[in-house]
Amino acid sequence: MVGTINHIAIAVPCLRAASDEWRQKLDAEISAPQRLEEHGVTVVFIDTGNSKIELLEPIDDASPIAAFLAKNPQGGMHHICFDVDDIYASRDRLVAEGARILGSPEPKIGAHGKPVLFIHPKDITGTLIEIQQR
Ligand code: CO
């Protein structure tokens with residue numbers, strides 16, 4: 001079911017500082033920031049050629065990223081996003097296998113303008129997995 005890695009997301013307390021760090025230390029090209037109200041985050045992307053790194057900053061304290069940063073104040077790896085051919089078939093298979101979908105089972109539009117869903121990290125090796133319609 002899982003396909004190519006669409007992106008690996010890293011939660012950061014300050015998007016500007018994190019972007020500077022990736023630019024200076026890793027010579028990364030950083031996209032323009034994108035504010036995603038529905039997901040409670042502002043994001044930038046770093047194209048790695050075969051995939052992307054997404055840096056996520058919470059919009060406010062109600063953001064799902066805020067709780068993660070409370071536990072990991074310096075930031076850290078937050079989720080891995082896989083491309084899938086059929087997000088509904090993937091969702092139904094995950095649910096049938098006992099995995100919980102975070103929030104609504106209806107996909108939301110993600111940062112790339114495509115439907116996405118998140119799977120509860122406790123249901124897959126302690127790692128938050130996002131699936132995105134290819
Ligand atoms: Co993501």
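**Reading a sheet, its helices and a cobalt site**

Author: Let's start with helix α2: its buried residues pack against β1, β3, β4 and β5. Please keep in mind that the model is predicted.

Reader: Happy to. Which residues of helix α2 are buried?

Author: In α2, which spans residues 64–71, the buried ones are Ile65, Ala66, Phe68 and Leu69. Around the helix axis they cover an arc of only 165 degrees, so they sit on the same side of α2. The face turned away from that buried side carries the exposed residues Pro64, Ala70 and Lys71.

Reader: Now the sheet. In what order do the strands lie?

Author: The general idea first: strands of a sheet pair through backbone hydrogen bonds, in either a parallel or an antiparallel way. Here eight strands form an open sheet with mixed pairing, and the order is β2-β3-β4-β1-β5-β8-β7-β6. At the edges are β2 and β6 (108–109), each of which pairs on one side only.

Reader: Let me follow one strand. In which sense does β8 pair with β5, and in which with β7?

Author: With β5 (residues 76–84) the pairing is parallel and runs over six bridges; Val84, for instance, stands opposite Gln133 of β8. With β7 (residues 115–119) β8 pairs in the antiparallel sense, over four bridges, and there Val116 has Gln132 of β8 as its bridge partner.

Reader: And how many bridges join β6 to β7?

Author: Two, and these strands run antiparallel. Val116 appears again here, as the bridge partner in β7 of Lys108.

Reader: Why can β8 be called largely enclosed by the rest of the structure?

Author: Count the buried residues. A residue is buried when its relative accessible area is under 20%. In β8, residues 128–133, five of the six residues are buried, so the strand is largely enclosed by the rest of the structure.

Reader: What about the other helices: which strands does α3 touch?

Author: Helix α3 (residues 87–96) packs on the sheet and touches β5, β7 and β8, with its direction making about 150 degrees with that of β8. Helix α1, in turn, lies across β1, β3 (41–47) and β4 (52–58), and runs at about 155 degrees to β4.

Reader: Let's turn to the metal. Which residues are the protein donors of the cobalt ion?

Author: They are His7 and His79, each through NE2, and Glu130 through OE, at 2.0 to 2.1 Å from the ion. Along the sequence, the donor residues are spaced H-x71-H-x50-E. The histidine pair links distant parts of the chain: His7 belongs to strand β1 (residues 5–11) and His79 to strand β5, 72 residues apart.

Reader: Are these two histidines buried or exposed?

Author: Both His7 and His79 are buried.

Reader: One last feature: backbone angles. Where does phi take a positive value in a residue other than glycine?

Author: The background is that most residues other than glycine have a negative phi. Here, Asp27 has a phi near 55 degrees, and Thr125 has one near 45 degrees. Asp27 is placed in the loop between α1 (15–26) and β2 (34–36), while Thr125 lies in the loop between β7 and β8.

Reader: And what is the relative accessibility of each?

Author: Asp27 has a relative accessible area of 69% and is exposed. Thr125, at 75%, also counts as exposed. The cut-off for calling a residue exposed is over 50%.

Note on methods. Residues numbered from 1 in each chain as written. Predicted model: local features only at pLDDT ≥ 70, side-chain atom pairs only at ≥ 80, totals over all residues. Heavy atoms only, no water. Buried < 20%, exposed > 50% of the residue type's maximum accessible area, 1.4 Å probe, protein only. Pairing = 2+ DSSP bridges. Donors = N, O, S within 2.8 Å, 3.2 Å for Na, K, Ca; no water. Contact = heavy atoms within 4.5 Å. Axes fitted to C-alpha atoms, helices over the stretch in contact; angles between N-to-C directions. Arc of directions from axis to C-beta.
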